[in-house]
Amino acid sequence: MGLIAGVTAWIIPGQGISDERILGYFDVNATLVAAVWIVTVLATARMSQRRPWDAAMVALAPGIVLAGTINWDMWAVALLALGMLCFSRERLVLAGTLIGLATATKPYAALVLGAVLLLALRTGRIRAFMVTAGASAAAWLVINVPVAVANPSGWAYFFRFTETRETSYGSLWFAYNLVARRLRWPVLDPATINWLALSVFLLACTMIAAVALTAARRPRLAQLAFLIVGAFVLTSKVYSPQHVLWLIPLLALARPRWRDFLIWQGVEGLHWAAVWMYLGQVSSQGPTQHNIDMPYYVLAVAAHMLATAYLMFRVVWDIHDPDYDPVRRHHLDDPQGGPFDGLPDWVRFSPAIPRMRCSLGGRNTMPDVAVVGSGPNGLAAAAVMARAGLSVEVHEAADTIGGGTRTAELMQPGHVHDICSAVHPMALASPFFRDFELARRIELVVPELSFGSPLDGGRAALGYRSLERTVQGLGQDGDAYRRLLGPLVDRIDGVMDLTQHQLLRIPRDPLAAALFGLRTLEQGSRLWNARFHGDLAPALLSGVAAHAVSQLPSLASAGAGLMLTALAHAQGWPIPLGGSASIAAALEADIRAHGGVIRTGASIESLQQLRGARATLLDVAHGAC
C-alpha cells in the first residue's frame with residue numbers, strides 16, 4: 001500500500017507540500033480508485049457466469065461511493081477479485097500471485113485461502129490449495145522481502161503498531177470501552193482485546209469449518225470467503241468504515257439478493273455518517289446538536305455489525321438449504337470454485353445421519369436417496385437430489401440406463417436407432433431441462449415438419465413448425481385450426497407456465513390460462529371435432545392427444561394434446577443428435593459429477609433391499625421394478 005501511495009505522490013508535478021499538490025494528489029488517487037473499481041466490477045461479472053448482472057451490486061454500492069477514497073483498500077479489493085477470477089478459470093499460479101499481491105496491500109485477502117483450504121479438504125483436491133497458497137506466499141515475499149531488508153524497522157512497524165494500537169472506531173471493542181467508561185465498567189486494554197479478538201475469530205473459523213465439512217452439499221467458494229472475512233471484520237479491534245469495501249464483491253458473489261444488500265448498505269451509510277459526526281464532536285468538543293453523542297454512535301456501530309452478522313446468517317442458511325441459494329437455484333454448482341466446481345465429496349462429516357458419521361471417496365455406504373429405475377424421470381430426480389448435496393444411488397434392472405430414452409445399433413454397425421422415444425417436445429420447454437441446460441450439453445435438431453397423422457387413400461395431415469404452413473395444408477378447416485391454436489401459440493409462455501406447474505395457483509398469464517382452459521373443455525368433451533368439417537384437422541389433433549395414453553375425448557388428453565400441438569408450432573419438436581440415449585448420458589454424467597452412483601443389472605424386488613436409505617423414489621406400477 002505504501003508503494004501505491006508513493007508512486008501516486010511521485011507522479012504529482014511540483015515540489016513540497018502545497019494546496020495544489022494536495023488537491024492533485026487526492027484527484028489522482030480518486031481517479032485510480034475509480035479505475036480499480038471498474039476492474040472489480042468487471043472481474044465480478046466475469047466470475048458470475050450466467051448471472052453477470054450481480055456485479056451491478058458492486059457497480060452501484062453506496063459503500064464504495066462513501067468509503068472508496070478513505071484509504072487504498074480498493075486496490076486490494078480489485079487484486080483479490082482478479083485473483084478469484086483466475087481461480088475460477090483454474091489458472092492457479094496466476095490466481096495465487098494476485099491474491100499474494102492483494103495480501104501485500106491488505107492482509108485480509110489471505111483469508112480467502114482459508115476458504116480454498118476447506119474446499120480442498122472437502123473434495124480431496126489438496127494440490128489446488130498448495131499451488132494457490134504457494135504462489136500467494138511467493139508473491140507476498142517478493143513484495144515484502146526487499147522492503148524488510150532495506151528498512152527492517154519501518155517494515156516491522158506495521159506489525160508492532162497492530163499489536164499495541166488501541167481499538168479503532170467502528171469495532172465492537174471500541175464501542176464496549178466507550179460504554180464501559182461511561183458506566184464505570186472495566187475497560188479492556190490492547191493486550192486483552194488482542195487475546196479476545198483472536199480467540200473469538202478462531203472460534204468463528206472453527207464454526208465455519210464445521211459448516212463447510214458437514215453441510216449436505218459442499219458450500220461455494222464465495223460463501224465461505226464471505227463468512228471468513230465477515231468473521232474477521234466483526235471480531236477485529238479495527239473496523240474502519242472502508243472495510244465495507246472488502247465485503248461488497250464477496251456478498252455479490254455469495255448472496256446476490258438486492259433487498260438484503262440495499263438494507264445492509266443503508267445501515268452502513270448511517271454508520272459512515274455516525275462516525276464522522278461523532279468524530280466531529282470528539283475533535284471539536286462542540287455542542288452535540290451539531291453532531292451526535294456517544295450513545296447514538298454506539299447504536300450505529302451495533303446496527304452495522306448486526307447487519308453484517310445477519311448477512312452471514314443468511315449465507316449459512318443458503319448453505320444449509322441450497323434451494324434458498326440464488327446461484328444454485330439456477331442449477332450451477334460453484335461458478336467461482338474453479339478446480340472444485342462440480343466435484344463429488346471426498347470427505348464429509350455427517351453427524352445428522354445415524355450410522356453414517358463420515359463419508360470418504362465420494363459415496364456413502366448408506367445413500368440419502370435410492371432411485372429405482374433409470375428412465376428419464378428417475379434420472380432427473382436423481383440429478384436434482386445429487387445437486388442438492390444428497391448421496392444418491394440409482395438402481396436399474398437392465399444392462400443399460402435410459403428406459404424409454406435408449407438408443408442401439410439394431411441393424412448395421414454405426415447406424416443407431418431409438419428403441420422407444422425419438423422426438424422430445426419438452427426438451428426445450430421443460431423447466432427442468434431449461435435449468436439443466438440440456439441444449440448446451442447435447443445437440444438438438446428441430447425439423448421443419450413436427451408431426452403427422454396418416455389417413456386412408458395415401459393422404460396425411462401434416463403439422464409443421466410454421467402454423468401458417470400447417471393451416472394451408474388443412475384445406476377448409478385451416479381457418480378453424482388457426483382460431484383454435486393461434487392464441488395458444490401467441491401466448492406459449494403463459495401456456496407452458498400453466499401446464500408445467502401445479503394448477504392450484506394464480507397463473508402468471510391469466511389470459512393464456514383462460515384461453516387454454518376453454519379450449520381444453522371443448523376438446524375434452526363431445527364437441528372435440530365440432531368446429532371441423534373435414535378429417536385432416538381432427539386426425540392431426542387426435543394423433544397428438546393420444547400421447548396422453550388416456551380416453552379420447554377427455555380433459556387429460558385434450559390438455560396434453562393442445563399443449564404439445566401449440567408447442568410444435570411455437571418452437572418445434574426437437575430431436576437429439578445421436579439418439580435419445582444422449583439425454584440419458586447427459587443426466588448420467590451430471591449425476592456422477594455430483595457424487596451419485598448408478599448401478600445397472602440391479603433388480604429391486606423388495607424395499608428391504610433399500611433399507612437404510614433416507615428416501616426411496618420409484619414407480620410402484622406393476623412390473624416397474
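**Two pockets and one enclosed helix**

I'll begin with the second largest pocket, whose lining, sorted by class, comprises eleven nonpolar residues, eleven polar ones and no charged residues; please keep in mind throughout that this is a predicted model. The space in this second largest pocket comes to about 660 Å³, and of the 22 residues lining it, those closest to its centre are Ser 421, Val 423, His 424, Pro 425 and Met 426. Helix 16 (376-387), strand 8 (449-454) and helix 23 (536-545) are the elements that each give two or more residues to that lining, with strand 8 supplying the largest share, four residues.

Let me turn to the largest pocket, which has a volume of about 1600 Å³ and is lined by 43 residues, of which Thr 105, Lys 106, Pro 107, Phe 158 and Thr 162 are the closest to its centre. The elements that contribute two or more residues here include helix 1 (2-10), helix 6 (92-105) and helix 12 (221-235), while helix 9 gives the most, with eight residues. By class, this lining divides into 25 nonpolar, 14 polar and four charged residues.

Finally, a word on helix 5, which covers residues 73-88. At 1.5 Å a residue, its 16 residues should span 22 Å, and the C-alpha atoms at its ends are 23 Å apart, which agrees with that expectation. How much of helix 5 is buried? Taking buried as under 20% relative accessible area, 14 of the 16 residues qualify, so helix 5 is largely enclosed by the rest of the structure. After helix 5 comes Glu 90, which has a positive phi, near 65 degrees.

Conventions. Residues are numbered from 1 along each chain as its sequence is written. This is a predicted model: local features need pLDDT of at least 70, side-chain atom pairs count only at pLDDT 80 or more; totals for chains, interfaces and linings use all residues. Side-chain values use heavy atoms; hydrogens and water are left out. The expected span of a helix is 1.5 Å times one less than its number of residues. Buried means under 20% relative accessible area, exposed over 50%, partly exposed in between (1.4 Å probe, protein chains only). On a 1 Å grid over the protein atoms alone, a cavity is a set of points where a 1.4 Å probe fits but cannot get out, and a pocket is an open set with protein on both sides within 12 Å along at least five of seven lines; lining residues have an atom within 4 Å of a point. Grid points are joined across faces, edges and corners, and a volume is the space filled by probe spheres set on the points. Ala, Val, Leu, Ile, Met, Phe, Trp, Tyr, Cys and Pro count as nonpolar, Asp, Glu, Lys and Arg as charged, and the others, Gly among them, as polar.
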